[in-house]
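I am keeping these notes for someone who opens this structure for the first time. I begin with the core and then turn to the ligand, to single residues and to the chain as a whole.

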Amino acid sequence: MKFVLSTIAWVESIAKKEIEKIWGKIEETIDRLVTFSWEIELIPRINIWSRVGNKAYILLSEKDNVKTFDELFDAVKDISWKSYFKKDFPIVVKTNSTRSELFAERTIQSLTKKAIIKSRVWENWIVNEDESLEKMEILILLIDNKLRVLLNTSGDALHMRGYRQKAWEAPIKESLAAALVLLSGWKFKEPFYDVFCGSGTIAIEALMLAKNIAPWIKRSFAFEKLGLVSPEITQKERDDARKKVYSWEYTIRASDIDPEMIELCQENARLAWVGWEINFEVKDFKEYLDKEISWTLVSNPPYWERLKDENLKSMYNSIDKLFRLNPKLNGWIISSFMEFDDLIKKDTYKKRKLYNWGEKCYFWKKNI
Ligand SMILES: C[S@@+](CC[C@H](N)C(=O)[O-])C[C@H]1O[C@@H](n2cnc3c(N)ncnc32)[C@H](O)[C@@H]1O
């Protein structure tokens with residue numbers, strides 16, 4: 001069976017490692033998509049364990065050179081829909097077309113629905129339009145005229161872990177926060193710090209990673225409601241995940257200048273079941289300028305803010321100073337404040353391009 005995991009841009013290599021760790025065999029990696037294969041058990045396992053994935057799909061069909069609507073219709077009609085529809089669930093068709101001849105969204109969607117209905121008409125099957133039912137989400141992906149027909153097994157995107165009931169107005173995606181911790185090379189037994197913690201996402205993801213807590217907390221998935229996998233298999237995967245949590249204690253500190261943010265962090269961490277293990281405190285990050293620190297620090301400082309440009313520059317100068325004063329610090333910041341490059345000495349930082357909610361940003365690392 002073939003599957004596809006979609007990811008945020010530039011973290012495909014991390015997604016590949018995640019998949020290999022749960023035994024998936026990598027078939028192909030392209031921009032924001034990793035295709036892999038294995039048995040049906042992989043559906044709950046990838047949904048339960050993926051920290052950087054966006055949605056996990058079953059690859060129902062793939063075909064090169066699909067350039068006409070007739071070819072699209074036939075490719076969709078030829079899929080054995082009977083194997084996937086256990087009940088008559090409502091269908092939602094989404095489309096994404098890149099560098100391809102077929103791109104008219106509405107036409108692709110209605111044609112796909114018609115082809116699915118046509119392939120099942122002999123069973124007197126009608127599409128159930130009951131809004132309260134789980135929807136069967138089909139994604140028609142066309143890249144360079146290659147068609148992929150995908151069935152969403154996750155439901156809501158996997159970055160929505162469920163612990164962030166309330167959030168700061170632009171919190172970082174949970175999946176991106178997990179990717180940052182992984183990219184930082186943090187060694188779990190050393191202290192970890194986020195000095196601009198906002199709603200606490202980076203610190204919470206760091207602890208979940210260190211403790212090997214699967215990021216499925218408080219979530220159910222579309223594949224369960226659609227009956228794609230037997231409940232016993234899913235239950236076994238969940239039980240196995242619970243047994244894999246480490247009981248080791250880790251030192252994770254997260255601070256923010258805003259007391260309301262710290263209250264929010266505590267609530268979010270409680271919902272993620274890690275509330276008592278992260279040290280949250282109200283603090284201006286400048287208080288660290290006169291302390292020696294040698295931890296891993298991963299932070300997402302303000303980048304647009306209600307702050308004036310001058311204040312932002314002064315804040316980023318202080319961040320640079322904090323990093324320079326502490327040669328042992330494994331320091332990283334993610335931000336879309338591009339002017340940071342003008343404030344720092346050339347070659348004192350490495351940077352990696354990433355996207356947060358579609359916005360380009362850089363993950364800067366201070367060179368030792
Ligand atoms: C971009 S947000 C962080 C968002 C966070 N990554 C999340 O997922 O919610 C930046 C945070 O920096 C905080 N902040 C602003 N100035 C600060 C300062 N001088 N010291 C510490 N925190 C500060 C703001 O209150 C805000 O919560």
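**Notebook: core, ligand shell, single residues, whole chain**

I looked up the largest nonpolar core of this predicted model, and I found that it has 102 residues, with Leu150 and Leu180 making the most contacts inside it. I then asked which helix gives the most to this core, and the entry is helix α6, residues 201-210, with 7 residues. Domain 1 (2-152) and domain 2 (174-213 + 246-366) both give residues to the core, so I note that it lies between them. As general background, I wrote down that nonpolar side chains tend to be buried together in soluble globular proteins.

I followed Leu150 next, leaving aside its neighbours within four places in sequence, and found it in contact with Val4, Tyr57, Ile58, Leu59, Leu60, Ile138, Leu139 and Leu141.

**Around the ligand**

Which residues come nearest to the ligand, of the 18 around it? I noted Pro171, Phe196, Gly198, Ser199 and Thr201. Sorted by class, the shell around the ligand holds 11 nonpolar, 4 polar and 3 charged residues.

**Arg164**

I looked up Arg164 and placed it in the loop between β7 (146-152) and α5 (174-184). Is Arg164 buried or exposed? I counted 21 other C-beta atoms within 10 Å of Arg164, and since 20 or more count as buried, Arg164 is buried. Leaving aside neighbours within four places in sequence, I found Arg164 in contact with Pro171, Ser199, Thr201 and Asn268, and I recall that Pro171, Ser199 and Thr201 are among the residues that come nearest to the ligand. I also checked one distance along the way: Arg164 and Asn356 are 192 residues apart along the chain, and their C-alpha atoms are separated by 17 Å.

**Asn311**

Asn311 belongs to helix α10, which runs over residues 309-325. I found 12 other C-beta atoms within 10 Å of Asn311, and because 12 or fewer count as exposed, I entered Asn311 as exposed. For Asn311 and Glu263, which are 48 residues apart along the chain, I noted a C-alpha separation of 25 Å.

**Two residues with positive phi**

Before looking at the backbone angles I reminded myself that most residues other than glycine have a negative phi. Arg99 is not a glycine, yet its phi is positive, at about 45°. I located Arg99 in the loop between β5 (91-98) and α4 (105-120), and with 10 C-beta neighbours inside 10 Å it counts as exposed.

Trp357, which is not a glycine either, has a positive phi of about 50°. I placed Trp357 in the loop between β13 (349-356) and β14 (359-366), and I recorded it as exposed, with 11 other C-beta atoms within 10 Å.

**The chain as a whole**

How many helices and strands does the chain have? I noted 11 helices and 14 strands. The radius of gyration of the chain is 23 Å, close to the 21 Å that the globule rule gives for 368 residues, so I wrote that the chain is as compact as a globular protein of that length. Along its principal axes, the C-alpha trace spans about 75 × 45 × 35 Å.

I closed with two percentages: buried residues make up 41% of the 368 residues, and among contacts between residues at least 6 apart in sequence, 77% join residues at least 24 apart.

Methods. Residues numbered from 1 in each chain as written. Predicted model: local features only at pLDDT ≥ 70, side-chain atom pairs only at ≥ 80, totals over all residues. Near = placed C-beta within 6 Å. Nonpolar A, V, L, I, M, F, W, Y, C, P; charged D, E, K, R; others polar. Core = buried A, V, L, I, M, F, W, Y, C linked by C-beta atoms within 7 Å. Helix = DSSP H or I, 4+ residues; strand = E, 2+ residues; numbered from the N terminus. Domains from an automatic or database assignment. Contact = placed C-beta atoms within 7 Å. Rg over C-alpha atoms; globule rule 2.2 N^0.38 Å.
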